[in-house]
Amino acid sequence: PMLVDSHCHLNFPDFAEDLDKVLAAAFEKGVKTLLTVNTRLTETDHLQKIAETYSQVFFSVGVHPHEAVDYQAHSLEYLLKEKASHPKAIALGETGLDYYYDKSPRPAQIKSFHHHLQACTGLNLPVIIHTREADDDTLACVDDHPHVKGVFHCFSGTESFARQALDRGFYLSFSGIITFKNAEALRHIVTFTPWDRILVETDAPYLTPVPFRGQRNQPAYTRTNAEKIAEIKGTDLETVARHTTENFFKLFSKCPLPL
């Protein structure tokens with residue numbers, strides 16, 4: 001069945017030596033489309049080059065909350081719009097709020113998040129949201145931009161936050177965390193996430209799923225994560241692949257279906 005890795009970081013040094021092999025391995029496992037995600041705008045040219053080199057790879061444009069402070073002085077919304085005009089740029093992000101690490105001051109994170117959401121409205125693109133220990137402020141920002149659609153990537157929040165995100169029409173994307181021994185609460189969230197609102201991702205090179213812990217994560221393991229969703233929801237891989245793939249192309253509507 002065809003799968004989509006809705007969130008990975010192919011430009012990271014971990015893949016510098018063998019990206020061809022990594023993508024071939026993913027393709028072999030049915031991962032036919034990949035979204036490589038931006039964390040700072042200095043990466044955009046590299047991401048764009050990867051997407052131009054490999055037909056199955058698309059990219060996003062955005063500033064991770066950790067880096068938000070570096071973009072204080074820039075007209076960020078303008079930069080995002082300019083860089084996202086590329087035909088293979090299909091989303092903005094990852095953006096959001098991270099109050100766990102607080103690597104950028106919170107006001108800078110909030111300001112950057114608003115710039116992304118504003119640009120989404122202007123470009124009619126979805127947003128990829130990273131949020132950690134910042135539930136109320138994240139929802140408040142999202143509520144200020146009611147027309148924006150998007151995904152909470154690598155979902156690892158509370159049940160209450162999941163339900164509030166779903167109520168607002170957002171998608172939840174699940175990573176290798178759902179395979180971890182202590183992730184019972186997260187597996188419970190998978191059980192009630194509706195079929196039309198679920199995505200799968202690796203966040204490679206991070207968050208390697210069981211049974212590959214200790215190795216570099218890679219997009220081929222999208223299949224491992226999808227198999228785990230199937231197990232949790234009491235269904236088969238085909239069903240998970242069909243829904244998560246359909247959902248991806250519905251949300252990231254600028255992305256063409258693979259031939």
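**A tour of two pockets and a helix**

Start with β5 (127-132), which gives four residues, the largest share, to the lining of the largest pocket. The model you have open is predicted.

Next, bring up the rest of that lining. The largest pocket holds about 690 Å³ of space, and 29 residues line it. Select H64, D98, H130, R132 and H153 to see the ones that lie nearest its centre. Now colour by element: β4 and β5 are the elements that give two or more residues to this lining. Colouring by residue type instead splits the lining into eleven nonpolar, ten polar and eight charged residues.

Now select helix α4, residues 106-123. How far apart are its end C-alpha atoms? They are 26 Å apart, which agrees with the span expected for 18 residues at 1.5 Å a residue. Show the side chains of A108, Q109, S112, F113, H116, L117, A119 and C120, which are buried in α4. To see what covers these buried residues, add neighbours including β3 (57-61), α3 (76-83), β4 (89-98), β5 and α5 (135-143).

Step past the end of α4 to N124, where phi is positive, near 55°. N124 also takes you to the next stop, since you will find it in the lining of the second largest pocket.

That pocket has a volume of about 220 Å³. Among its other lining residues are C120, T121, H147, Y171 and K250. Two elements, α4 and α9 (237-251), give two or more residues to this lining. By type, the lining has six nonpolar, four polar and two charged residues.

Methods
Residues are numbered from 1 along each chain as its sequence is written. This is a predicted model: local features need pLDDT of at least 70, side-chain atom pairs count only at pLDDT 80 or more; totals for chains, interfaces and linings use all residues. Side-chain values use heavy atoms; hydrogens and water are left out. The expected span of a helix is 1.5 Å times one less than its number of residues. Buried means under 20% relative accessible area, exposed over 50%, partly exposed in between (1.4 Å probe, protein chains only). Contact means heavy atoms within 4.5 Å. On a 1 Å grid over the protein atoms alone, a cavity is a set of points where a 1.4 Å probe fits but cannot get out, and a pocket is an open set with protein on both sides within 12 Å along at least five of seven lines; lining residues have an atom within 4 Å of a point. Grid points are joined across faces, edges and corners, and a volume is the space filled by probe spheres set on the points. Ala, Val, Leu, Ile, Met, Phe, Trp, Tyr, Cys and Pro count as nonpolar, Asp, Glu, Lys and Arg as charged, and the others, Gly among them, as polar.
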